[in-house]
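Biologist: Before we discuss labels such as buried or disulfide, please show me the model, and then justify each label against its cut-off.

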Amino acid sequence: MKRSRRPYQGIALTAPVTIPYVRKSDHSTTWFLGMALRDLCHNAGLAKAEIDGMSVSSFSLAPDTVTSLTETFGLTLSWIDSPYLGGSGGVISAMRAARAVQNGDARYVACLAADNAKPQSFKALVKNFSRFSRDAAYPYGAAGPNGVFSLLTRKYMQTHGATDEDFGRLCLSQRSNAQLNPHAMLQAELTMEDYLSSRPIAEPLKLLDCVMPCAGAEGFLVMTTEDARALKLPYVELIAGEENHNAIRDADVPLRGGWDLFRDELYSAAGCGPHDIDVLYTYDDYPVIVFHQFEGLGFCAPGEAARFVRDTDLTIHSTGKDRHLPHNTSGGQLSAGQAGFAGGYLGLTEAIRQLTGRAGARQISGARTALVSGFGMVNYDRGLCAAATILTGAES
Amino acid sequence: MSATISLQRCNDCARPQYPMRELCGHCLSPNISMTNVDAHGTLLSWTRLHASMEPYFHDQLPCLVGEVRLVGDVMIMAHLDLAPGNPPPQSGMSVRLSLRPALDDQPAYFATPEQGA
Ligand SMILES: [Zn+2]
């Protein structure tokens, strides 16, 4: 019999925090994590001593670990976790924390992610990301993720006929959203000509297909909906979550990331379908991966993402296309910047803000249901971890 | 043409594998040995790199890199060995792999288009 996950029940995500991104910082990753924890406690009205669980995602924490941080931050905890999951780490950290709370292992879990964008730490990360990568990918131009994702992008374009302009439409929509996000690193108006003429990095990828590494942190709290109500905190409920790892093993450059393999279970657990999603947050390390998510999560058929992007307003405000689906309303990593593993949290913190009516100038009126997906961990020639969760705003 | 390259193969289930590892990725057998396999394969996708984190590559930019599938479904990243002035690579083209020293003087795969392919 096929495995099926037990339902997520009574789980709240609340108190989203963002430590503003900067291009470079003298502060350590630990500082960014500490500032995020401080803001979390402040926003939630919780004393630090009440936090009893902590999940930390970072690639630049060494020589420290999440255990070191308990001492650094003066915490005594009953549950800790340090998911090393790249761009799938936000969604999966929320799922892990939800299970800990649901099982009574912890009451208030602080989920934190930060990195500090030191160029040498990025090179060391890329060079030794994995054995396969070190031995069989890095020696071929030492291009890091740009190299692998350029191969994926060309394969997608050749198979489905997508063009530079199709990826450009996505990037322009996210830049438009970023203009309403004071935290976004890139806010200047972007035209299709700017996009198309940005310098080549790893053809067909151009500079504006690549995220800007920066320093920053994201975080949120996980607790029961009952506790969130008692604390009078605006919250969203995590009603479904799925993940898979190394699911796409075809001996070819892949055209999908793995979401299609759990999509039915995800929507079934949430009791809804793609047409019920009011706001969508995909992991946008590169535009082609967003196209994979649109297809894998059922927003369009395989190979149809370019047409979907042409026919859909992905911006905060509709411009009158056939369909309006606000997507990556913070600007996503492509415009807000990628603070390392915090990039995997970006969709979650923004989704919590949207569904609790606290997205300010970016607020989508009536947004009730969000889907947040993640993708991460290129071990050799493809990303291995796919994840997605569905969140709903609380009845008021 | 009988060009070959040396790859790991499982002595128990006979599957070739790449990248190298200490056991068979299919049956988990530790009985692995090196064996010669046909060096001809298909170019699946390629890129022209304009940036690299290694100074070694800087005076070679832009450089061509691709991914090749050999018989046995082995996937190998390789430098593309195309003389300047040649037409750009085409996904699906037939290539032959060979080893030559590259970054850090370590042997690396180079894919050369097959004549008349
Ligand atoms: Zn075997």
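Modeller: Let me start with the buried residues of α6(A), which are N146(A), G147(A), V148(A), F149(A), S150(A), L151(A), L152(A), T153(A), R154(A), K155(A), Y156(A) and M157(A). This is a predicted model, in which local features need pLDDT of at least 70 and side-chain atom pairs count only at pLDDT 80 or more, while totals for chains, interfaces and linings use all residues. Residues are numbered from 1 along each chain as its sequence is written, chains are lettered from A and ligands numbered from 1 in the order in which they are written, and side-chain values use heavy atoms, with hydrogens and water left out.

Biologist: What makes α6(A) largely enclosed by the rest of the structure?

Modeller: Buried means under 20% relative accessible area, with exposed over 50% and partly exposed in between (1.4 Å probe, protein chains only). Since 12 of the 16 residues of α6(A) are buried, the helix is therefore largely enclosed.

Biologist: Why is C272(A) called buried?

Modeller: C272(A) has a relative accessible area of 17%, so it is buried, and C300(A), at 13%, is buried too.

Biologist: How many disulfides does a search of the whole structure find, and why is C272(A) not bonded to C300(A)?

Modeller: The search finds zero over all chains, where a disulfide is a pair of cysteine sulfur atoms within 2.5 Å. The sulfur of C272(A) lies 17 Å from its closest cysteine sulfur, in C300(A), which is too far for a bond. For C300(A), the closest cysteine sulfur is in C171(A), at 16 Å, and therefore also too far for a bond.

Definitions and conventions: Helix = DSSP H or I, 4+ residues; strand = E, 2+ residues; numbered from the N terminus.
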